[in-house]
Amino acid sequence: MAGSPGTGSRGLGSFLAAAWPVIRRRLLLALPVLLLVACGTFGLLHLAPGDAVDAMVIAGGGGDAALASELRARYGLDQPLLVQLSLYLLRLLQFDFGVSPVHNRPVLALITERLPISLLLMLTATAFAVSLGVVLGVSAAAAAGRWRDRLILAAALVIYAMPSFWVGLMLILVFAVTLGWLPVGGFETAASGLSGMARVLDIARHLILPTLALALLFVSVHLRLMRAGMLDLAGADFVRMARAKGVPRRRVLWAHLARNAVLPVIAMVGVQASTLLGGAVVIESVFSLPGLGRLAYDSVVARDLATLMGLVVVSAVIVLTVTLVVDLVMAALDPRVRLR
Amino acid sequence: MSLLRVSNLSVVFTGRGRPPLVALDDVSLTVAAGETLALVGESGSGKSTLALAIAGLLDTAASVRGQIDVAGHGIVGAAPTALQHLRRGGIAMVFQDPMSALNPVHRIGDQIAETMPGSRAERRAAASRLLHVVGLPDAERLLEAWPHELSGGMRQRVALAIALGQEPRLLIADEPTTALDVTIQAQILRLLADLQRDLGLTLLLVTHDLGVVAELADRVAVLYAGRLVEVAAVDALFSTPQHPYTQGLLAARPPFGPDAPMLPRLTEIPGGLPSLSPPPPGCRFAERCARVSQRCREDMPELRASSAGLVACHHPGATP
Ligand SMILES: Nc1ncnc2c1ncn2[C@@H]1O[C@H](COP(=O)(O)OP(=O)(O)O)[C@@H](O)[C@H]1O
Ligand SMILES: [Mg+2]
């Protein structure tokens, strides 16, 4: 029976072995969703007037109709929509996202170059948001009703009210421009010739501010969920039981209370997967990070439909993957959760 | 020698924007070593509050006055480290709802062994032994199980195993069978009685089931709206209850025993508990009492020696 990886055995290996049938099934289920997403985007993008050739021709300053139609024929843009769609879907199934008429390179290559940057930013921001949210939530709950609690809640409200791009700009202003502690933007120092550990550290320095800006979008939600969970469970019998059997105060707080209260926070990460991706796009523009966000922005401006559609499909893949990973984490953390 | 001595204990719950609630008022009682004392009273009368106070588990919203002594150690106002010492070889507690008394994300074995001394292997062996003691064979499998995989009765046995793992002298059981099926109730009570006898435990058994009282208790303390109204040996309490409330409880009791007809309750005490914030000035039972006099409404009766034990009533005695 698939779906109860927690039972009986310990260790990551056996967990994944038990979860594998579920993972496989979820991946198969993702396919129709992705096809639907691809069709939807295709339709939406073709409803908007103009295509990449229009944009190129306009950018070139002239109205050479012969060149335009030749370009259209080359990229298949002169075919009926349905034909274009079926061709596109057929190619998608072979992981062929087409060629970007603007960059004149395969869309897949454009995306895979930039994907790691976006994924890294999403990962660091999520890790930071969850850790900070948990620590602040526990800290607030432990002082419920007292000044430390109020201070944390007030700060959460202020942070919640600030748009993330503005936070990003302010961070740049303070830490990069005024104090000069951290780089203004970019993913790494250009042409620095750094390698190995030095390069990793250089990238880390570049990621601090974007991570902070993106994480702050989620910290207040996480910390309030965490705090509410802690207060909800504080009166639970199993917490009393832990105290009754002599578990030290700190361990009651973390191993018993927080360990249970963190579950809704993790679930929230899954719910907010698309918000995370959207936030990353904004933050990448603010910090000139050459990730998917930048690519998306450039593609919209250039009417690069091939790249845009590829981006949308990849975004859907990212969101579905995050959701699956969160479900796996939930199942690993909560024995009552059955993977389906 | 008394193992537990409660003297003039008062517990008031204070909360923001709510009037203080007097959950316990001037409660005094003693429990001898090896004795089983049943604490009875209807829901809301303060039984759990008393149990938690004795176990040193009340939260900070409760202001506690008076004294509680367990094996010579003061509980009220004791430092957390001092209480910590009593968690091993002192007080252990079992709760009402076995569904919520176990941490859902910790394995059974880990929960039993969590605060035991010794190496990993020693603690595992001890946990396995405890599961056998509480009547759960197949310990090897159970040690790895999660709480949600167990039935209510099994969970209550696990909770008992955890409590016994502390090698307590005083075991407090707060309505340990209320949340269970009737057949399981009897098994758990049997187990409690056996453990009490075999291990020489002192048992404070909170219940509102008088059938349980008759079966297990040596003495009974009756709590009403935060005050003790009667304390007596179990035989005396059942044969010659002195307080009108105790008499009402006994009359309202559904018949029990093997040949008891399954009849609906014949008598109920009309009315409910008075408000506790603040409580009425006189006897708290006055509004529901058939024997009430003017004095009862003004002057709070103290616990005094009666023919059968202790009673707090201006007009004690047999039902007229
Ligand atoms: N943590 C608490 N905060 C405020 N009031 C409480 C708290 N715990 C119990 N009470 C109140 O104290 C009274 C006694 O409750 P309790 O001890 O649970 O009674 P019992 O166990 O006999 O049903 C009730 O009126 C209850 O509402
Ligand atoms: Mg209770």
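Which residues of H9(A) are buried? Keep that in mind as you open the viewer, and start with a little housekeeping.

This is a predicted model, in which local features need pLDDT of at least 70, side-chain atom pairs count only at pLDDT 80 or more, and totals for chains, interfaces and linings use all residues. Residues are numbered from 1 along each chain as its sequence is written, chains are lettered from A and ligands numbered from 1 in the order in which they are written, and side-chain values use heavy atoms, with hydrogens and water left out.

**Stop 1: chain A**

Select chain A and colour it by secondary structure: there are 13 helices and two strands. Helices (H or I, at least four residues) and strands (E, at least two) are DSSP runs, numbered from the N terminus. The C-alpha trace of chain A spans about 85 × 60 × 40 Å along its principal axes. Of its 340 residues, 42% count as buried; buried means under 20% relative accessible area, exposed over 50%, and partly exposed in between (1.4 Å probe, protein chains only).

Switch on a surface, and chain A shows an accessible area of about 17,100 Å², with 70% of it belonging to carbon and sulfur atoms. Such areas come from the Shrake-Rupley method with a 1.4 Å probe; for residues, only the protein chains shown count as cover.

**Stop 2: helix H9 of chain A**

Now select residues 237-244 of chain A, which form helix H9. Seven of its eight residues are buried: Asp237(A), Phe238(A), Val239(A), Arg240(A), Met241(A), Ala242(A) and Ala244(A). To see what covers them, display helix H8 (196-234) and helix H10 (249-271) of chain A, then add H1, strand S6 (91-94) and helix H6 (152-165) of chain B; the cover includes these elements. After H9(A), click on Gly246(A), whose phi is positive, near 95°.

**Stop 3: where the chains meet**

Show both chains. Here 33 residues of chain B are in contact (heavy atoms within 4.5 Å) with 27 residues of chain A. The area buried between the two chains is about 2,600 Å², and carbon and sulfur atoms give 50% of it. Buried area is the accessible area (1.4 Å probe) that two parts lose on being put together, summed over both. For a quick highlight, pick Leu57(B), Val105(B) and Glu114(B): they supply 20% of the area that chain B buries against chain A, more than any other three residues.

**Stop 4: Gln166(B)**

Go next to Gln166(B), in the loop between H6 and strand S7 (170-174) of chain B. Is this residue buried or exposed? Gln166(B) counts as buried because its relative accessibility is 1%. Leaving aside neighbours within four places in sequence, its contacts reach into chain A at Ala244(A) and Lys245(A), and within chain B they include Arg87(B), Arg88(B), Gly89(B) and Ala92(B). Ile91(B) is also among those contacts, and its backbone oxygen lies 3.4 Å from a polar atom of the Gln166(B) side chain.

**Stop 5: the ligand**

Centre on ligand 1 and select the residues around it, those with a heavy atom within 4 Å. This shell has four nonpolar, six polar and two charged residues. In this scheme Ala, Val, Leu, Ile, Met, Phe, Trp, Tyr, Cys and Pro count as nonpolar, Asp, Glu, Lys and Arg as charged, and the others, Gly among them, as polar. Strand S2 (18-32) and helix H1 (47-54) of chain B each supply at least two shell residues, and the largest share, three residues, comes from H1(B).

Which polar side-chain atom lies 2.5 Å from an oxygen atom of ligand 1? That atom belongs to Thr49(B). Add Ser48(B), with a side-chain N or O atom 2.7 Å from a ligand oxygen, and Gly44(B), with a polar backbone atom 2.6 Å from one. Taken alone, ligand 1 exposes 560 Å², and the protein buries 68% of that. As a cut-off, a polar contact is a pair of N or O atoms within 3.5 Å; within protein, one must be able to donate a hydrogen and the other to accept it, and residues adjacent in sequence count only if both atoms are side-chain atoms.

**Stop 6: two loops of chain B**

Finish with Met99(B), in the loop between S6 and helix H3 (108-113). Met99(B) counts as partly exposed because its relative accessibility is 44%. Then jump to Gly17(B), in the loop between strand S1 (2-15) and S2, which counts as exposed at 84% relative accessibility.
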